[in-house]
Structures are given as C-alpha cells and as structure tokens.
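Thank you all for coming; I would like to take a few minutes to walk through one structure, going from one chain to the place where the two chains meet. Please have the picture open while I talk.

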Amino acid sequence: MRVFNRVFMILLLAGLFVLGVYVVIYAFDLFDYKLEALPITDFAKGFESFVAGVENGSLSTVTIIILVLLAILGLIWFVAELRPSAPRRVRMGSGTYVTRSVVEDEVSTVAEQVPDVLGSSVSVKAKRSPGAKVDLEARVRRGEDLNTIKSGLQSTVRERLSERGLPVSKLNVKLVEADPRQTKTRVQ
Amino acid sequence: MADGIELARAASIAALATEGVYSMGRGRYVAAATYEGSEKVSGVVVTPEDLEIHIVARYPLPRPIPEIAENIRERVAPEAGGRKTMVVVDDLEVADDESL
C-alpha cells in the first residue's frame, strides 16, 4: 500500500507541477500564450452542468453509480491506510523478537530433514500478536501419499519450532509433486 | 548503572557471554548500534526508555530462544537502569565445529 501511495503521490505532484507551469505561463501571457485562449470553455460548461445536476438531484443513474463507486473506493483506501502495516520482526513474547529469515531458515531446515521432502520454500509473515504465519511449500516425489506426508511434516515442524521457542500461529503446508532431478535433494 | 555508550558496551559484553549467542547482530533493516564520539558499539541501541540488543544465535540452538533472551536480560538488568530490554535475534550462525 505504501508503494502504491508513493507512486500515486509522485504522479499527482508531477501533474500539479505541470499544471502550475501552464498556469504561470498563461497567467502572465508568456511566450504569446494568453489565459483567454485556453481551450477550457467546453470543460467549464460541462462541469457547470454537472454541479447544477448535483444540486438539483437530477444526475443520471450511471453518474450516481460512478460517484458511489468512487466513494466506496475512497473509503476502502482510507481504511487500508489506517490499518497499521505488518511488523517486520516476529514477536516471540515479552521483549523478544526474531527476524523472519531466522524462522524461514529454521522451518526450511526442519522440513528438509523429513525423509520424503526433496526441497522446500518458506514464506513467513510476522503478526502483531506473538507468532508468525508460515507458508511452507514442500516438494515431494510423484505418487507419494500426500496426506500422510503433510500431517507428518506439519507435526514435525510445529514440534521442532516449539522446542526452539519459535512461536507459529498458523502453519500452511502445501505439497508439490516434483521431479527429483529438478529438486534440491534427489534422495533423502 | 551505566549510561549511553557504557551501557551499550556492558550489554554487548553480557550478551556475548551468554550461552547460545554467536555474535552481536547488526540490525536487519537499519544499523543497530550506539555511537559516541569516534566509538561505536554494534548490536546495541540505547534510548532513554529502551535497550535493544541484537544478537546472532549459535546454531544448533543450545536452548530455546526465549531462554537465551531471558538470560541476556538477567545479565544486563543491573546496568539497564530500568530500561525495557528487547532482545532481537537477527540471524542464526552455524558454529564452525558443528557438522550441519
């Protein structure tokens, strides 16, 4: 959201700057440009009729829908802005934090020690409450019993992280069948 | 009770003496250090209310991370002057003698 806001503000300010340059040029009759010559008559008339329509309550259905959508969009944007961003570090308890990479490394190490797992990729999101949301994608051979591997992997990862004192609030395990020739480990 | 750079130095020594600490961390997103004059103590940030200690933990962990953090806090407490002590594990480092 912050990146989006930054891009939006840069574009907005760039637009305002260009508009400001035009206003100065036209307002002071520089380079033979005159304010009266601006082709804004049609726009001004259109805007005037739109404002009159708003005042009279005689807007078309399409215009009302567009205005309502804009209001909803603005509200969503406002709420999204008010929400505090996700913390960068995983909170473990009172005054103890670990970086997400520490949790990622640990989950990855544990997952790859499970015999059926040939490789893994881990994504960790810190939460405001203690614990992290962990998404683990493990690669296994085709034809394996995925349910058994999944439950075994889940319990092993939870157990090992608990031993290390790393709190996990949510652990999502996704198994992907892969060709052992293309995975990190061919044989466990 | 130490203050500023002295506290940072004491905290760094206490942290490094704790079992399970491999080295001081450097901060993940911004440099974690305390400066005074030409001196710099890496891995410790001292503010009037808080004391932030960044460490790199030894792997495999000899004890759970919360225990290591608590041990560091206990060691630093006499010098911290009532500051809230935060321990941040920046990274894990496999010790040289470990065959992992």
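Before anything else, one cut-off: I will call a residue buried if 20 or more other C-beta atoms lie within 10 Å of its own, exposed if 12 or fewer do, and partly exposed in between. Please also keep in mind that what you see is a predicted model.

With that cut-off in hand, let us start at helix H1 of chain B, where B:Leu7, B:Ala8, B:Ala11, B:Ser12, B:Ala14 and B:Ala15 are buried. Seen down the axis of H1(B), these buried residues fall within an arc of 165°, so they line one face of the helix. As for what lies over them, the cover includes strands E1 (21-24), E2 (33-36), E3 (39-42), E4 (44-46) and E5 (50-59), together with H2, of chain B. The length of H1(B) can be checked too: its 13 residues, 4-16, should span 18 Å at 1.5 Å a residue, and the end C-alpha atoms are 18 Å apart, which agrees.

Stepping back to chain B as a whole, there are two helices and six strands, and along the sequence they follow the pattern α-β-β-β-β-β-α-β. Of the 100 residues in chain B, 38% are buried. If we take the contacts in chain B with a separation of 6 or more, 73% of them are between residues 24 or more positions apart.

Within that chain, E2(B) and E3(B) run antiparallel and are joined by four bridges, with B:Thr34 having B:Val41 as its bridge partner in E3(B). Their hairpin has two residues between the strands, and B:Gly37 there takes a positive phi near 60°.

Two loops of chain B deserve a look. In the loop between E5 and H2 of chain B we find B:Pro60, and the peptide bond that leads to B:Pro60 from B:Tyr59 is cis, with omega near 0°. The loop between H2 and E6 of chain B holds B:Gly81, which is partly exposed because 13 other C-beta atoms lie within 10 Å. The C-alpha atom of B:Gly81 is separated by 9.2 Å from that of B:Leu7, although the two residues are 74 residues apart along the chain; B:Leu7, you will recall, is one of the buried residues of H1(B).

Let me now turn to chain A, beginning with a loop. A:Asp29 sits in the loop between helix H1 (2-27) and helix H2 (41-56) of chain A, and its phi is near 55°, a positive value in a residue other than glycine. As background, most residues other than glycine have a negative phi, and most peptide bonds are trans. A:Asp29 counts as exposed because it has 12 other C-beta atoms within 10 Å.

The strand I would like you to find next is E2 of chain A, residues 96-99, which is covered on both faces: A:Thr96 and A:Val98 are buried on one side, and A:Tyr97 and A:Thr99 are buried on the other. What does E2(A) pair with in chain A, and in which sense? Its partner is strand E1 (residues 89-93) of chain A, and the two pair in the antiparallel sense over four bridges, with A:Arg89 standing opposite A:Thr99. In their hairpin, which has two residues between the strands, A:Gly95 takes a positive phi near 75°.

E2(A) also pairs across the chains, in the parallel sense and over three bridges, with strand E6 (residues 84-94) of chain B. In E6(B), A:Tyr97 has B:Val88 as its bridge partner, and A:Val98 has B:Val89.

The contact between the chains takes 16 residues from chain A and 17 residues from chain B. On the side of chain A that touches chain B, E1, E2, helix H4 (100-113) and helix H5 (146-164) each give two or more residues, and the largest share, four residues, comes from E2(A). By class, that side of chain A has five nonpolar, six polar and five charged residues.

I will close with the largest nonpolar core, which has 50 residues, and in which A:Val98, A:Val103, B:Ala11 and B:Ile53 have the most contacts. Helix H2 (residues 65-80) of chain B gives the most to this core, with six residues. Leaving aside residues up to four places away in sequence, A:Val98 touches A:Arg89, A:Val90, A:Met92, A:Val103, A:Leu166, B:Ile65 and B:Val89.

Terms used. Residues numbered from 1 in each chain as written. Chains lettered and ligands numbered in written order. Predicted model: local features only at pLDDT ≥ 70, side-chain atom pairs only at ≥ 80, totals over all residues. Pairing = 2+ DSSP bridges. Contact = placed C-beta atoms within 7 Å. Nonpolar A, V, L, I, M, F, W, Y, C, P; charged D, E, K, R; others polar. Core = buried A, V, L, I, M, F, W, Y, C linked by C-beta atoms within 7 Å. Expected span 1.5 Å × (residues − 1). Arc of directions from axis to C-beta.
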